[in-house]
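I open this notebook page to record what I looked up in one chain, entry by entry. I wanted to go from the overall fold to single residues, and to write down each finding as I came to it.

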Amino acid sequence: MNELLASTHSLDARLVSVLILVDGARESDEVNRLAQEGHLPVDGLEILFHGGFIDRKFKGSAPPAEGKAPSPAEPLAPVAATPARTLERFNALYAYLVEQTKALLGLRGFIYQLRIERASTLLELKALIEPIGKAIEKRQGLGMAKHFMRESERLAVAAIAERDI
């Protein structure tokens with residue numbers, strides 16, 4: 001959490017993106033799959049574990065699945081975060097969450113809309129993705145929920161890592 005909340009990151013932006021995917025609820029296989037889909041380092045969990053960023057208690061401290069050869073990751077040059085850029089990414093995630101909650105949950109999503117409006121940080125918005133996704137799954141089905149979760153996570157990771165993925 002300290003790494004995610006710091007104004008300057010000591011980690012490569014791609015590893016920060018993998019770290020964001022480690023939310024305590026996902027298994028290592030799912031984090032590895034999401035990392036691969038997002039073109040993030042497939043050995044990111046191992047790097048984070050050895051760097052002390054995730055604990056052995058996390059189920060994701062196991063190495064990546066066999067057959068997936070880790071690709072050497074070239075460090076990315078850090079992107080200078082500007083307040084305008086950070087606000088733009090926050091607003092993109094905020095707008096997506098509000099729009100999809102209204103469209104997919106209707107009046108049942110009113111409480112979630114209030115929670116979205118009260119969120120003042122990217123991490124608060126990210127914390128709302130899973131509960132809204134579960135509500136969408138109950139109301140609209142697994143397919144719609146997966147699409148919502150995938151796009152929301154992409155926007156959240158891009159906002160927190162301050163780069164497009």
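The entries below go from the whole chain to its helices, and then to single residues and pairs.

**Entry 1: the chain as a whole**

I note at the outset that this is a predicted model. I looked up the secondary structure and found eight helices and zero strands, so the order of elements from the N terminus is simply α-α-α-α-α-α-α-α. I then turned to burial, and 42% of the 165 residues count as buried. For the surface I wrote down an accessible area of about 9,600 Å², with 56% of this area belonging to carbon and sulfur atoms. Last, I took the contacts between residues at least 6 apart in sequence, and found that 59% of these join residues at least 24 apart.

**Entry 2: helix H3 and what follows it**

I asked which residues of helix H3, residues 28–37, are buried. The list reads Ser28, Val31, Asn32, Leu34 and Ala35, and, seen down the axis of H3, these residues fall within an arc of 165°, so they line one face of the helix. Gln36 also belongs to H3, but Gln36 counts as partly exposed, at 41% relative accessibility. I looked up the separation of Gln36 from Val18, which is 18 residues away along the chain, and the distance between their C-alpha atoms is 9.9 Å. After H3 comes His39, and I noted that the phi of His39 is positive, near 60°.

**Entry 3: Gly44 in helix H4**

I went on to Gly44, which is found in helix H4, residues 44–50. Is Gly44 buried or exposed? With a relative accessibility of 0%, Gly44 counts as buried, since the cut-off for that class is under 20%. Leaving aside neighbours within four places in sequence, I found Gly44 in contact with Leu15 and Val18. I also checked Gly44 against Val31, one of the buried residues of H3; Gly44 and Val31 are 13 residues apart in sequence, and their C-alpha atoms are 9.5 Å apart in space.

**Entry 4: Thr101 in helix H5**

Thr101 has its place in helix H5, which spans residues 83–105. Its relative accessible area is 0%, so I entered Thr101 as buried. I looked for what its side chain reaches, and found the backbone oxygen of Leu97 at 2.6 Å. Setting aside the neighbours within four places in sequence, I listed the contacts of Thr101 as Gly106, Gly109, Tyr112, Gln113, Ile116 and Ile132.

**Entry 5: helix H6 and a nonpolar patch**

The contact list of Thr101 includes Tyr112, Gln113 and Ile116, and these are the buried residues of helix H6, residues 110–118. They cover an arc of only 105° around the axis, which puts them on the same side of H6. On the other side of H6 I found Glu117 and Arg118, which are exposed. I then looked up Ile111, which also lies in H6, and which is partly exposed at a relative accessible area of 48%. Together with Leu107, Phe110 and Leu114, Ile111 makes a nonpolar surface patch of about 420 Å².

**Entry 6: salt bridges**

How many salt bridges does a search of the whole structure find? The search finds three.

I began with Lys126 and Glu153, whose closest N and O atoms are 3.6 Å apart. This pair links distant parts of the chain, with Lys126 in helix H7 (residues 122–140), Glu153 in helix H8 (residues 142–161), and the two positions 27 residues apart. I found both Lys126 and Glu153 to be buried.

I next looked up Lys134 and Glu130, whose side chains meet in a salt bridge at 3.4 Å, N to O. Lys134 and Glu130 are four residues apart in helix H7, and are therefore separated by about one helical turn. Lys134 is partly exposed at 48% relative accessible area, and Glu130 is partly exposed at 33%.

The remaining entry is Arg154 with Glu151, the closest N and O atoms of this salt bridge being 2.6 Å apart. Both residues lie in helix H8, three residues apart, which is about one turn of the helix. I recorded Arg154 as partly exposed at 32% relative accessibility, and Glu151 as partly exposed at 22%. For the spacing I added a general reminder: an α-helix has 3.6 residues a turn, so residues three or four places apart point the same way.

Definitions and conventions: Residues numbered from 1 in each chain as written. Predicted model: local features only at pLDDT ≥ 70, side-chain atom pairs only at ≥ 80, totals over all residues. Heavy atoms only, no water. Buried < 20%, exposed > 50% of the residue type's maximum accessible area, 1.4 Å probe, protein only. Arc of directions from axis to C-beta. Polar contact = N/O pair within 3.5 Å; in protein donor to acceptor, adjacent residues only side chain to side chain. Contact = heavy atoms within 4.5 Å. Areas by Shrake-Rupley, 256 points an atom, 1.4 Å probe, with all protein chains shown as cover. Patch = residues over 30% accessible without salt bridge, like charges linked within 9 Å, V, L, I, M, F, W, Y side chains within 5 Å. Salt bridge = Lys/Arg side-chain N within 4 Å of Asp/Glu carboxyl O.
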